[in-house]
Each structure stands twice: as C-alpha cells, then as structure tokens.
Amino acid sequence: MPSADITEFRRVLASSKKILVLSGAGLSAASGIPTFRGEGGQWGKYNASDLAHRSAFEEDQSRVWKFFHYWRELIRGKHPNEAHYVLARLAIPGIRHAIAPDSKLTHITQNIDMLCTRALTETESALMQLSDSEIIEMHGRILDVICTSNHDCDYHATNVDSPICPGLAGTETKVAAGDWTAVVKRKDLPMCPRLGCGQMLRPDVVWFGERPKRIEEILELASEADLCLVVGTSAIVQPASRIGGMVKEHGGKVAVFDIEKSNHAEEADFLFLGPCETKLKEVLGV
Ligand SMILES: [Zn+2]
C-alpha cells in the first residue's frame, strides 16, 4: 500500500540526492490544455493517433499540419499553472537545497506545450536566481519545427509565428469544430527556409511510433535516481511505468501525484491524490 504521509515523504526527499520529476498531461490540465491521447483526444472523425503519425503525414500533409496548427494556436493562449511553478521553484538550487540538501534534479516532461519551460524562465526572472536543473521535453515542443529532408538539411528552429504560414490561417477554428474539409496545398504549408532545400517542415513533436527524445539518457537517469516524482501521468503506459520501475529496481522511491488512482499506483511508495496545482505545493512545501 502506498503511503500518503507527507512527513515521511519529506524525510525521503531530504535524503535524496538524485531526484527525477516525470510529468504528463495532468500537470497542464489546470491550464486548460486538453489531453492529446486520452479521453477527449478526439478531433471530429480523427483521433490523435490518426493525426500524429508519420503515415498520416505521408498520406495527407495538409490534414496533419492543420491539426498541429490548431495545437500551436491553442497553446499560444494558455499559461502555466501553480503546479508548473512549484516544479519550477524546485529547480532553483537555493529553494531545493533547503528541503533536499546537495540534491540534483532533472525534470522529464511528456508535455509538448512548453509550459514547464515557460514557468521556469518566469520563475528565474521573478526570483533573480538561475535554475541548476534541466527540463527534458521527451515528446518534443509544439512550437519547434524540423526539416523533413532525408538528406543533408538539419534545419531545426522554434517558430512563434501566428499563423505559422498564411495558408493555415483560420483553419484552426474549423478543426476545433471538427470540420476537416479545407485542403491547404503543399506549396502553402510550412516549407524549409534554407536556400535550395525546398522540403516541407514538420512539427518537432514525437509522433506515435517514434522514439522519445534522449531516451537513453532518461533511462540512465532513472537507473540512478533515488526519488522519482510522477506527476499527472498515468503510470500504466510506457515510459512512465518503465521509468518508475527502474527507479524502484535499485531501491529508489516513487511518489505519484495524480487526480485519481491508476492501476499501477499501488506499486508507488507514496500516492498523493488530488489536483496537482494544489497537491504539489501542499506536499513539497515550496
Ligand atoms: Zn531543409
């Protein structure tokens, strides 16, 4: 049975030197960001796996770009919530070392909304202190684009334009309404700006069937961590279950923060149920 004892958790936290945070969709729920894969992950006649897939892009680039354009525009209007800020404060050494002396922290997020990074940047400037922790966005970043050339073009950039190209302007409201009839011609979709390349850009987001970014590094971190906070992500699905499992294998502790109990939560050492935007602060005290 996992424990919900905050005092005991803080004792474990205080003696942890290598701390991992693994976050998922539940972290951004209070920011009004819908889940990509789970319930509500349905856009008209398509679901996420029909859209965020290489074969879908090969079949219909217009459809896939409309979907990601819709996401880009949706996320543009959203803001980090208190849960993002609590984790951002934990990344500031002056704050973290008061509750976990001499510890290191790495935050691995499955979210593509870039809100963890935004919260960290805002926190650093508000406190005038720099973080000593890295955020690994293992499923990519919604505003990043990468060239689809299989040859020698390695164009990769963060693109904050709204819309990303004139051809996609306004298609987001139709997609939101489940209307997929508009077709954007290939030449009007985002193209690689490098001279002489001429290939299409794609969002630098990890699609279904693709390997998460920096996975070897993530697994190595898991094999060494003595505490893993699993926040707002179902520990049932890979890689959350694998990472938590690896931490436990070598004697590390796993603390799950989630809105409701999932099947694998039984295997956690600590289980704190409730909205992350209030529960994290209550339990971590930062
Ligand atoms: Zn290119």
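Trainee: Leaving aside neighbours within four places in sequence, which residues is V254 in contact with?
Mentor: Setting those neighbours aside, V254 is in contact with C228, V230, G244, V247, K248, A268, D269 and F270; please keep in mind that this is a predicted model.

Trainee: And is V254 buried or exposed?
Mentor: V254 has a relative accessibility of 6%, and because buried means under 20%, V254 counts as buried.

Trainee: Which strand is V254 in, then?
Mentor: V254 has its place in strand β10, which covers residues 253–258 and runs parallel to strand β9, residues 227–231, with five bridges joining the two. One residue to look at there is L229, whose bridge partner in β10 is A255.

Trainee: What's the strand order in the sheet?
Mentor: The order is β5-β4-β1-β9-β10-β11, in an open sheet of six strands with parallel pairing. The strands at the edges are β5 (134–137) and β11 (270–273), and each has a single partner strand, so one side of each is left without a neighbour in the sheet.

Trainee: How many degrees are neighbouring strands turned against each other?
Mentor: On average, with direction ignored, neighbouring strands of this sheet are turned by 15 degrees against each other.

Trainee: Switching to helices, which strands does α8 touch?
Mentor: Helix α8, residues 115–127, packs on the sheet and touches β1 (18–23), β4 (104–109) and β5, with its direction making about 160 degrees with that of β5.

Trainee: And where does α10 lie?
Mentor: Helix α10, residues 215–224, lies across β1, β4 and β5, and runs at about 130 degrees to β5.

Key. Residues numbered from 1 in each chain as written. Predicted model: local features only at pLDDT ≥ 70, side-chain atom pairs only at ≥ 80, totals over all residues. Heavy atoms only, no water. Pairing = 2+ DSSP bridges. Helix = DSSP H or I, 4+ residues; strand = E, 2+ residues; numbered from the N terminus. Axes fitted to C-alpha atoms, helices over the stretch in contact; angles between N-to-C directions. Contact = heavy atoms within 4.5 Å. Buried < 20%, exposed > 50% of the residue type's maximum accessible area, 1.4 Å probe, protein only.
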